[in-house]
Amino acid sequence: MKKTAKKFTSFTLAFIMLASLCLFGLSAQAQDGKLVRVQVVNNTYKAENGAPWTGVLFDEVVEVELGANALDAVKAALSATETPFDLQTSAWTGDYYIAGINGISEGDGAAWAGWMCLKNDWSINNALPYIEVKNGDVLSMNYSLDAGADLGAPWPNDTTALKSLEAEGAVLSEAASSTADDTASYDLTLNEGSKSVRISATAQNKANQVRIYKNEYAPKSEEYFRTTDDIPVIPGDVIYVGVGNSAWPGSPEGVAESVYTLSVTYNEADYKKGDVNLDGKVDITDATLTQMKSAKLIAFNALQDKLADVDGNNKVDISDATIIQMMAVGLVS
Ligand SMILES: [Ca+2]
Ligand SMILES: [Ca+2]
């Protein structure tokens, strides 16, 4: 009876922890919609060639409904800023597109000129109504004189390599085991006290999407980080920066994706056995997390796996959780 009660308590705690994680995730979002940042930029069509304006026309955060697409968000920003625009339907596809903004219309300055949209620095290759937007997305409407080449998205697209890769909140350095190819491995050493990082990654060809995953490279999953997101990390985590995976819209045909591996460094000797959440003490939370890991409810990184395997049999299971529980109450050390 006592044992059952203890188990129940552990799992109750586990679900409270999961529930609070979910709440934390939602709190950053607008209550009944999503916040999208919209920019309108003309850096290509010059004043001396007849452009009525150049540079950034506006950079505005708008709240749109949960089901809104990229066209809804761009229209909302154009309306909010009282910017005149010209909405047309494509003669070929019948889809809506934005033909003109504030006096600059497709065909102005060059035969193939027009307004193109970059979503989080990805030059989207589809009509805006088909593009989903998430809370925190950045939509940049840019005027192009040559179908995207002057925006960093030339055709044909023959590379998925990155042009630049930088980290905020950590020091990024090429790992000793790195190969000199496009998909090098890096060490990511967290700054003192840093609990999250931002990864800034720019594709050589912006027709490719860049998606960031933590601890498991899962390109089929829509649960990924963007370059604008704070990525919570602990020592032992591995961050994957993928570019141009064939499952993602915009990827070049017949060109392999690039995947950059960024491993958060650690010194195993700095951590106590059993301290799976790396907070410097072994308590009931560590036991609960290990129980959840044993039940495949959560995943551990490589360092957490080592710290959780207190009986040293090279696997993390319920026996480890039980020993950690005993360690937490001082029955074993
Ligand atoms: Ca702990
Ligand atoms: Ca074990």
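Reader: So buried means under 20% relative accessible area, exposed over 50%, and partly exposed in between (1.4 Å probe, protein chains only). Where does Asn 277 fall?
Author: Asn 277 is partly exposed, because its relative accessibility is 24%. Keep in mind that this is a predicted model, where local features need pLDDT of at least 70, side-chain atom pairs need 80 or more, and totals for chains, interfaces and linings use all residues. Residues are numbered from 1 along each chain as written, chains are lettered from A and ligands numbered from 1 in written order, and side-chain values use heavy atoms, without hydrogens or water.

Reader: Thanks! And Asp 275, buried or exposed?
Author: Asp 275 is buried, because its relative accessible area is 1%.

Reader: Which residues coordinate the calcium ion (ligand 1)?
Author: Asp 275 and Asp 279 each give an OD atom, Asn 277 its OD1, Lys 281 its O, and Asp 286 two OD atoms, at 2.3 to 2.6 Å. Donors are N, O and S atoms within 2.8 Å of the metal (3.2 Å for Na, K and Ca); water is not among the atoms, so sites may look incomplete.

Reader: What spacing do those donors follow along the chain?
Author: The donors of the calcium ion (ligand 1) run as D-x1-N-x1-D-x1-K-x4-D.

Reader: New topic: which strand gives the most to the lining of the second largest pocket?
Author: Strand 6, with 4 residues. Strand 4 (96-101), strand 6 (114-119) and strand 8 (138-144) each supply at least two residues of that lining. Strands are DSSP runs (E, at least two residues), numbered from the N terminus. A pocket is an open set of points on a 1 Å grid over the protein atoms alone, with protein on both sides within 12 Å along at least five of seven lines; lining residues have an atom within 4 Å of a point.
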